[in-house]
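Let us take a walk through this protein together, from its overall layout down to a few single residues. Please keep the structure open beside the text as you read.

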Amino acid sequence: FDISDRKQAEARLQQSLRDKEVLLKEVHHRVKNNLQVISALFSLQAESIQDLKVKSVLQDSENRVRSMALIHETLYRSTNLGQVNFSQYIYRLANSIFMASSTHYGHIQLNYDLVPVSLNLETAVPCGLLLNELITNAIKHAFPNRRVGEILISLKQLPDSLELATSELAITPAQTRPPKPRYELKIRDDGIGLPSNFAIENLQSLGLKVAYDLALQLRGTLDLKTQGGTEFRLVFSELTYSKRL
Ligand SMILES: Nc1ncnc2c1ncn2[C@@H]1O[C@H](COP(=O)(O)OP(=O)(O)OP(=O)(O)O)[C@@H](O)[C@H]1O
Ligand SMILES: [Mg+2]
């Protein structure tokens, strides 16, 4: 057995790992670029259209695609390629929606209260799209006629629930894995609040329906509070990665 063979094999492995990391970054970069192109196409279409309703639908699509592009950008900038720095993503996403909206004349304050959390792509994408809907809504609907107010986005890790731990233990006694951390994401505004006849079942619009579907996809819960404005609270855990091929 020759020790230098082993050294060489190890070096080759290291190199191959580095190559793959570069490749993965490149892939995220390209996905981001492609999504940006799609988003720009929506934007161009929106500009060329007179009908205000159609225009705003195209602008919404532009924003949705941009939110996904931003995830891939956050990924290729991160040192751990599988994990999105989610707090940083929230910050950048909210700012980008805010800047893109035509109503930010200084009457709305955007505030954050975020703990550092990193999430896999599986979880970050639906969370990001959900955030996109709720932030867009707050900016679009909560502060009409330049009403002054604040949007607060907060992300917390919830303390481990003892109940959950014991019930999990009861089902699979052999399992000693601790329960997965649960997170609480809140989007709160102190605006005019939802219409008094608001009922999620009767919605004709797409945005909030999408938000509830995304919460379901995350196997999370999305509740609504309507005192002194509107507050959506999503509780979720990281989804486990499932192979697609
Ligand atoms: N933060 C909010 N403050 C006040 N009203 C809100 C808020 N969020 C939603 N609404 C109301 O709830 C309605 C439904 O929201 P939803 O996102 O489903 O539709 P939309 O924003 O009108 O259209 P889109 O499908 O483009 O999202 C809105 O039209 C608005 O009247
Ligand atoms: Mg909406």
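Starting at the N terminus, the elements of the protein chain follow the order α-α-β-α-β-β-α-β-α-β-α-β-β. That makes 6 helices and 7 strands. Please bear in mind that this is a predicted model.

With the order of elements in hand, we can turn to the chain as a whole. It has 245 residues, and buried ones make up 38% of them. The accessible surface comes to about 15,200 Å², and carbon and sulfur atoms account for 56% of that area. How do the parts of the chain meet? Among contacts between residues at least 6 apart in sequence, 74% join residues at least 24 apart.

Now let us look inside. The largest nonpolar core has 44 residues, and those with the most contacts inside it are F86, L131, L134, I151, I153, L185 and L234. Several elements each supply at least two residues of this core, among them the helices α2 (52-77), α3 (86-100) and α4 (121-141), and the strands β4 (149-158), β5 (182-189) and β7 (230-237). Which element gives the most to this core? That is α4, with 10 residues. Domain 1 (1-81) and domain 2 (83-245) both contribute residues, so the core lies between them.

To get a feeling for the core, pick out L234, one of the residues with the most contacts inside it. Not counting residues up to four places away in sequence, L234 touches C127, L130, Y183, E184, L185, A215, L218, T221 and L222. L185 in that list is itself among the core residues with the most contacts.

From the core we can move on to open space. The largest pocket has a volume of about 700 Å³. It is lined by 32 residues, and the closest to its centre are N137, K140, H141, S205 and L208. Helices α2, α4 and α6, together with strands β5 and β7, each supply at least two residues of this lining. Helix α4 turns up again here: it gives the most to the pocket lining, with 8 residues, just as it gives the most to the core, with 10.

Finally, let us visit three single residues, beginning with two in helix α2. S67 has its place in this helix. Is S67 buried or exposed? Its relative accessibility is 2%, and buried means under 20%, so S67 counts as buried. Leaving aside neighbours within four places in sequence, S67 is in contact with Y89, L93, G128 and N132.

N63 also lies in helix α2. With a relative accessible area of 13%, N63 falls under the 20% limit and is therefore buried as well. Not counting residues up to four places away in sequence, N63 touches A100 and N132. You can thus find N132 among the contacts of S67 and also among those of N63.

Our last stop is Y212, in helix α6. Its relative accessibility is 23%, which lies between the limits of 20% and 50%, so Y212 counts as partly exposed. Beyond residues up to four places away in sequence, Y212 touches I200, L222, L224 and F232. Try finding L130 from here, too: Y212 and L130 are 82 residues apart in sequence, and their C-alpha atoms are 8.1 Å apart in space. L130 and L222 may look familiar, as both are touched by L234.

Terms used:
Residues numbered from 1 in each chain as written. Chains lettered and ligands numbered in written order. Predicted model: local features only at pLDDT ≥ 70, side-chain atom pairs only at ≥ 80, totals over all residues. Heavy atoms only, no water. Helix = DSSP H or I, 4+ residues; strand = E, 2+ residues; numbered from the N terminus. Buried < 20%, exposed > 50% of the residue type's maximum accessible area, 1.4 Å probe, protein only. Contact = heavy atoms within 4.5 Å. Areas by Shrake-Rupley, 256 points an atom, 1.4 Å probe, with all protein chains shown as cover. Core = buried A, V, L, I, M, F, W, Y, C linked by side-chain atoms within 4.5 Å. Domains from an automatic or database assignment. 1 Å grid on protein atoms, 1.4 Å probe; cavity = no way out; pocket = protein on both sides within 12 Å on 5 of 7 lines; lining within 4 Å. Points joined across faces, edges and corners; volume = space filled by probe spheres on them.
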